[in-house]
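Please open the model in the viewer and display the backbone as a cartoon. The tour below proceeds by selection, one stop after another.

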Amino acid sequence: MTTVGPARAAAPAAYAALRRQDPELAEVLLGETARQATSLQLIAAENFTSEAVLTALGSPLANKYAEGYPGARHHGGCELVDVAERLATDRATALFGADHANVQAHSGSSAVLAAYAALLRPGDTVLAMGLPYGGHLTHGSPANFSGRWFTFVGYGLDPASGLVDHEQVRALARAHRPKAIVCGSIAYPRHLDYAAFREVADDVGAYLIADAAHPIGLVAGGAAPNPVPYADIVCATTHKVLRGPRGGLILCGADLAERVDRAVFPFTQGGAQMHTIAAKAVAFGEAATPAFTAYAHQVVANARTLAQALAGEGFAVSTGGTDTHLVLVDPSPLGVTARTARGRLAAAGLVLDTCALPHAATATEARGLRLGTAAVTTQGMREGEMARVAALFAAAVREERHVREEVRDLAVRFPPYPARTGGEITSS
Ligand SMILES: Cc1ncc(COP(=O)(O)O)c(C=O)c1O
């Protein structure tokens, strides 16, 4: 039976011991499990990992110290975690067609930090997408190490199309002679033209770093172009469409392998998190299956349907649609700002982010709403459900009252972790 109001999941066996020992914390886990199961996770950077990934994350590999790399550790007892890390690196290189993979980066930001450490010196100039256009904090924010330690120059997006203006990128590269060019974004809904970035990088003698944190899962599933043949270093996260544990991944050619590895350990990190690396191996194994290929294509089909349906509801859709899991919309045609809309959506159980909105003609503020279809697609939702989500989305922004219950009813039909909720969500 499903009920409206504060909810928590029926306690699965996995939580029983924790519940006995630490009921306070167990309630948090049960409550969060229920929150995820009874609302719609439309945050573009989130997904639901498999139970197998969660098993690796919650395994005794979490206890193991393993500074260094397989076969060359600073700690004893690493024979088995070495196998786990080799599985992860072998699977990653095969999946993405890279010579070398480093799977130790603790996060996407750590991966970018290591890429800069491998290629740059403090003070070097870097050309990256400006933050107001969708660049990540690690692409030159003054609040981040990147903006403090390097001289960032930002490129924008074409005001009419919302697309990367490669002539502007080339002009800025020629004017500033950057040591590296970064391509990648937190909100760009279209495929990047890696060949065009490579051409500009070669023109000015710069390294090309692809920060593919968002599209890398689509790349794994053959639903987005692969930056590996073009970029000197590809940085990524493993927890978005790729559906692995929270963490980072770095891919590069054999020529940079040693520099990249040393940039991760010992330059920017200490001991590797072996439980996370094992979980990355599980995720890479899953991502190599035909089922994941079908998933990645469904993610895009769902995002396209969602974008089209939201346009039909009156939202201004950035770039007119999407090639990826990401949809960026401006709610101002409905008479609300993105912040107000996000609050109304959250109250209705539609969980998502606001995001910089470049050049929206009708924007009353420079922010939009960023949605992603990775999590709802993992739950098994398809185009029909996306049309329903768009209708609920518009109703929530208009503050219609029935929406929270309808969102809950839709969500519980597609349980992300049936074994953890027993298919049953109750009020607390
Ligand atoms: C383009 C890009 N780079 C880097 C990151 C940083 O990843 P993390 O949050 O794991 O540090 C993100 C995260 O969303 C991202 O979108």
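Begin with helix 15, bearing in mind that this is a predicted model. At 1.5 Å a residue, the 15 residues of helix 15 should span 21 Å, and the distance between its end C-alpha atoms is 21 Å, so the expected and modelled values agree.

Next, display the side chains of helix 15. Which of its residues are buried? They are E385, M386, V389, A390, L392, F393, A396 and V397. An α-helix has 3.6 residues a turn, so residues three or four places apart point the same way. To see what covers the buried residues of helix 15, add the surrounding elements to the selection: the cover includes strand 2 (40–41), helix 12 (290–312), helix 13 (338–347), strand 14 (350–351) and helix 16.

Continue along the chain to E399, which follows helix 15 and is placed in the loop between helix 15 (383–397) and helix 16 (403–412). E399 is not a glycine, yet its phi is positive, about 60 degrees. Most residues other than glycine have a negative phi, and most peptide bonds are trans. Is E399 buried or exposed? It counts as exposed, because it has 12 C-beta neighbours inside 10 Å and the cut-off for that class is 12 or fewer.

Now select R243, another residue other than glycine with a positive phi, in this case near 70 degrees. R243 is situated in the loop between strand 10 (233–237) and strand 11 (248–252). In contrast to the exposed E399, R243 is buried, because 26 other C-beta atoms lie within 10 Å and the threshold is 20 or more.

From R243, move to the peptide bond between F265 and P266, which is cis, with omega about 15 degrees. P266 belongs to helix 10, comprising residues 257–268.

The last stop is strand 6, residues 125–129. Of its 5 residues, 4 are buried, so strand 6 is largely enclosed by the rest of the structure. Which strands pair with it? Strand 7 (residues 151–155) pairs with strand 6 in the parallel sense over 5 bridges; within this pairing, select M129 and find Y155 of strand 7 opposite. Strand 8 (residues 180–183) also runs parallel to strand 6 and is joined to it by 2 bridges. To locate this second pairing, select V126, whose bridge partner in strand 8 is A180.

How values were computed: Residues are numbered from 1 along each chain as its sequence is written. This is a predicted model: local features need pLDDT of at least 70, side-chain atom pairs count only at pLDDT 80 or more; totals for chains, interfaces and linings use all residues. Two strands pair if DSSP finds at least two bridges between them. The expected span of a helix is 1.5 Å times one less than its number of residues. Two residues are in contact if their C-beta atoms, placed from the backbone, lie within 7 Å.
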